[in-house]
Amino acid sequence: MGIIECKEICKNFGEKVALDHVSVEVPKGQIFGLLGPNGAGKTTLIRIINRITIPNGGEVLFDGRPITQRDVEKIGYLPEERGLYRKMEVGDQAMYLAQLKGMSAAEARAALKEWFVRFGIQDWWKKKVEELSKGMAQKVQFITTVVHKPSLMILDEPFSGFDPVNAELIRKEILRLKDEGATIILSTHNMESVEELCDSIALINKSRLVITGGVDEIRRQHGNNNIELVYTGDRAVESQADCFTVLSDVDNAGRHTAVLGLASGVTANAALSALLGEGLAINSFKELLPRMNDIFIKLVTEEA
Amino acid sequence: MNFRTVKTVIAREYLTKVKKKSFLLTTFLVPVLIAAAIVVMSLIMTQTGERKQNVAVIDQSGFVLPYLTDNKANTYLDFSTEDPESFKQRLDEFKMDVLVVVSPLDTVAKTVSVQAYSKKPLGVDFSSEVSAKVDDAVEAYRIDSYGIENLSQIMKDVKSNVRVTEYTLDDSGNETVSESGIYMAVSMVLGIFIFMFITMFGGMVMSSVIEEKSSRVVEVLISSAKATELMFGKIIGVALVALTQFLLWIVLTLVIVGVVGGIIGLDSLKNMDPQQMAQVSQMSGMDPSQLESLGVAVDTAAVAAPAGEMDVVVTTLANIPWVTLIVSFFIFFILGYLLYASLFAAIGSAVENEADTQQLQLPLTIPLMVAYMIVFVAFRNPDGGLAFWGSMIPFTSPIVMLARIPYGVPMWQLVLSIVLLFLTFVACAWVSAKIYKVGILMFGKKSTFKDLWKWLKQN
């Protein structure tokens with residue numbers, strides 16, 4: 001059972017349809033990628049999960065029950081359009097946001113101090129936000145999103161605005177929070193981080209759900225049954241009818257990297273035994289999965 | 001609504017506003033300015049005529065000069081033998097400030113003409129003083145010219161100056177002496193105050209909404225609290241700021257006036273004679289002609305009334321229904337503020353920066369301005385149609401009703417006005433909350449009334 005189940009969600013703003021019967025299930029304890037081009041309806045779906053926007057149809061279940069305002073306290077939301085009060089001190093501000101999420105003042109203070117130490121920003125407590133750089137403000141914002149130990153975090157483009165060092169820090173924190181049992185919905189355009197972090201995804205395009213499922217499963221589904229073969233030899237491998245065709249072969253001073261397209265019905269094992277018969281020195285043989293980036297572009301443009 | 005959340009929102013709104021430099025500045029500067037105005041005014045009053053003017057008189061009529069008697073401000077010196085044209089150039093040589101030339105008597109019209117020349121422009125007081133004195137001279141001449149014995153005594157006896165003493169009757173038939181000028185001053189001050197406060201604190205709510213929207217903090221907030229909780233928390237928070245500020249203003253003004261008064265002996269203010277009172281009222285920015293046109297000739301009343309005038313003022317002040325007034329002030333301020341603040345919040349939610357508010361604000365500032373203008377009409381006829389309807393229609397009632405209260409308002413009107421105001425507030429708050437909910441998440445495009453209407457229908 002997923003922590004969040006969206007069932008047949010519909011939402012329209014006047015004439016414009018933002019979501020059209022979208023059903024998504026977010027498995028507990030996973031990092032779930034919510035993908036889609038700009039204007040696809042991701043933000044609307046996130047706002048519906050947060051109960052900021054009320055859907056025209058369908059329902060959202062939280063832990064199997066219809067979601068209530070109390071459940072929203074267990075969600076941490078980092079919106080894409082984010083900001084802090086510029087004239088307010090960092091500490092006061094973080095305290096305010098934590099208390100809005102239902103923490104008592106004492107709880108909030110203790111938890112925040114801990115996070116400030118973890119991020120090495122204890123001296124910022126009394127600083128005004130306008131004195132901070134954009135990246136510094138983003139760190140504070142991340143803390144305010146997770147300080148109340150939400151069981152579900154919704155992070156919209158969490159890495160934007162960070163330098164590589166801080167992006168890595170945030171990435172590690174996300175993984176650590178996952179290890180502690182939190183579920184994370186990650187909305188991003190960065191497909192590398194999707195491959196690296198996400199367990200499963202949903203792709204929305206033009207208000208509709210295009211695909212949802214585990215990342216590996218989707219990559220395999222969209223694979224063309226290609227194999228990457230690295231071998232050493234003085235001649236290039238040749239296509240074998242009924243078994244595989246050589247799609248490309250790059251010869252780097254005797255060390256070849258080739259892409260083989262398997263014929264339909266041929267397993268990787270069969271291809272491997274055929275290759276062994278060729279008398280090549282095989283360095284590596286691996287299934288070639290398509291990049292998420294390519295799948296994304298393919299699915300979105302196919303629809304158009 | 002979750003009251004814990006609303007309380008958190010109120011606390012933030014209140015604390016950040018109260019800690020602001022601008023809040024501290026206005027809180028401390030306003031009483032200082034009020035106190036300074038009072039002190040300066042009383043100093044001017046008690047120390048008029050700090051420098052005497054030397055007035056050269058060329059009297060070609062031969063009978064006016066004796067009437068130009070010296071007083072605190074002016075010393076009149078006779079230069080009747082000089083030629084006016086050449087003397088004009090030589091004022092400094094004789095250390096004269098003003099030259100007054102009285103023409104020879106016009107025997108047909110039985111009058112004279114008077115010109116005054118000076119290097120610096122003359123005050124109103126000077127010309128009215130000279131005019132009054134020359135009038136006396138001319139009148140005496142005319143009386144004499146009739147050749148009737150004892151005519152001047154007869155004229156004096158005939159002269160009349162009847163003053164209307166106003167009484168207010170209460171239900172049991174008791175009568176109390178009253179002075180409409182005082183009512184007017186009190187009701188004007190109240191009307192203006194409530195107008196200022198509604199505009200000021202309503203505007204504060206609006207900028208606070210805009211701040212959250214333009215800094216983009218709003219989307220984080222809205223995921224933790226409901227739009228209505230945010231809106232009402234903000235409105236209540238600012239209301240508490242307003243009440244804090246009132247309280248501090250009252251206390252600080254009293255303290256400063258007390259302390260300064262103790263040091264420089266402000267008791268003189270209480271001993272001011274009625275004429276000076278009239279001058280105070282002029283200096284405090286009331287245009288005498290305007291007062292007269294309203295049928296409340298404050299200064300003539302004050303001048304004409306001998307001793308006992310201050311008693312009337314005191315009695316009148318004592319007769320103003322203070323308890324009703326203060327209770328009403330708070331009820332109307334709070335309800336009027338809530339009504340306008342909720343609408344200001346809705347408008348703030350529709351824009352991303354303060355500059356875009358002007359057009360959308362218009363439907364709010366117009367009724368406020370109209371109410372402000374009705375206040376000035378309300379003096380002439382506090383129970384007239386305009387004043388009555390102005391004090392019933394909820395968008396003007398907080399301001400107009402307050403201005404009417406010093407004159408006494410029937411209880412049913414007060415209650416009706418409050419009930420109408422409250423119901424309108426509830427309706428407007430409901431509409432505002434709907435607009436606010438959608439508005440705060442709309443970015444990038446300048447909103448119009450059409451958009452607001454669309455948002456209202458959307459949910």
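Helices here are DSSP runs of H or I with at least four residues, and strands are E runs of at least two, both numbered from the N terminus.

**Figure 1. Welcome to chain A of this predicted model.** With helices and strands understood that way, the secondary structure of chain A comes to 10 helices and 14 strands. The C-alpha trace of this chain spans about 70 × 45 × 30 Å along its principal axes. Of its 304 residues, 36% are buried. Look, too, at how the chain meets itself: among contacts in chain A between residues at least 6 apart in sequence, 68% join residues at least 24 apart.

**Figure 2. Here chain A touches chain B.** Chain A brings 19 residues to the contact, and chain B brings 17. On the chain A side, the largest share, four residues, comes from H3(A). That side of chain A divides into 11 nonpolar, four polar and four charged residues.

**Figure 3. Now we zoom in on two helices that pack across the two chains, H3 of chain A and H1 of chain B.** H3(A) covers residues 90-100 and H1(B) covers residues 3-19. Their axes lie 9 Å apart, at an angle of about 165 degrees. Angles over 145 degrees count as roughly antiparallel, so H3(A) and H1(B) are roughly antiparallel to each other. The crossing of H3(A) with H1(B) is left-handed.

**Figure 4. A last close-up shows the residues that join H3(A) and H1(B).** From H3(A), the contact uses A:Tyr96, A:Gln99 and A:Leu100. H1(B) answers with B:Thr5, B:Thr8 and B:Arg12. Taken together, the residues of this helix contact divide into two nonpolar, three polar and one charged.

Technical notes:
Residues numbered from 1 in each chain as written. Chains lettered and ligands numbered in written order. Predicted model: local features only at pLDDT ≥ 70, side-chain atom pairs only at ≥ 80, totals over all residues. Axes fitted to C-alpha atoms, helices over the stretch in contact; angles between N-to-C directions. Parallel < 35°, antiparallel > 145°, perpendicular 65-115°, else oblique. Left-handed = near helix turned anticlockwise from the far one by under 90°. Contact = placed C-beta atoms within 7 Å. Nonpolar A, V, L, I, M, F, W, Y, C, P; charged D, E, K, R; others polar. Buried ≥ 20, exposed ≤ 12 C-beta atoms within 10 Å, placed from the backbone.
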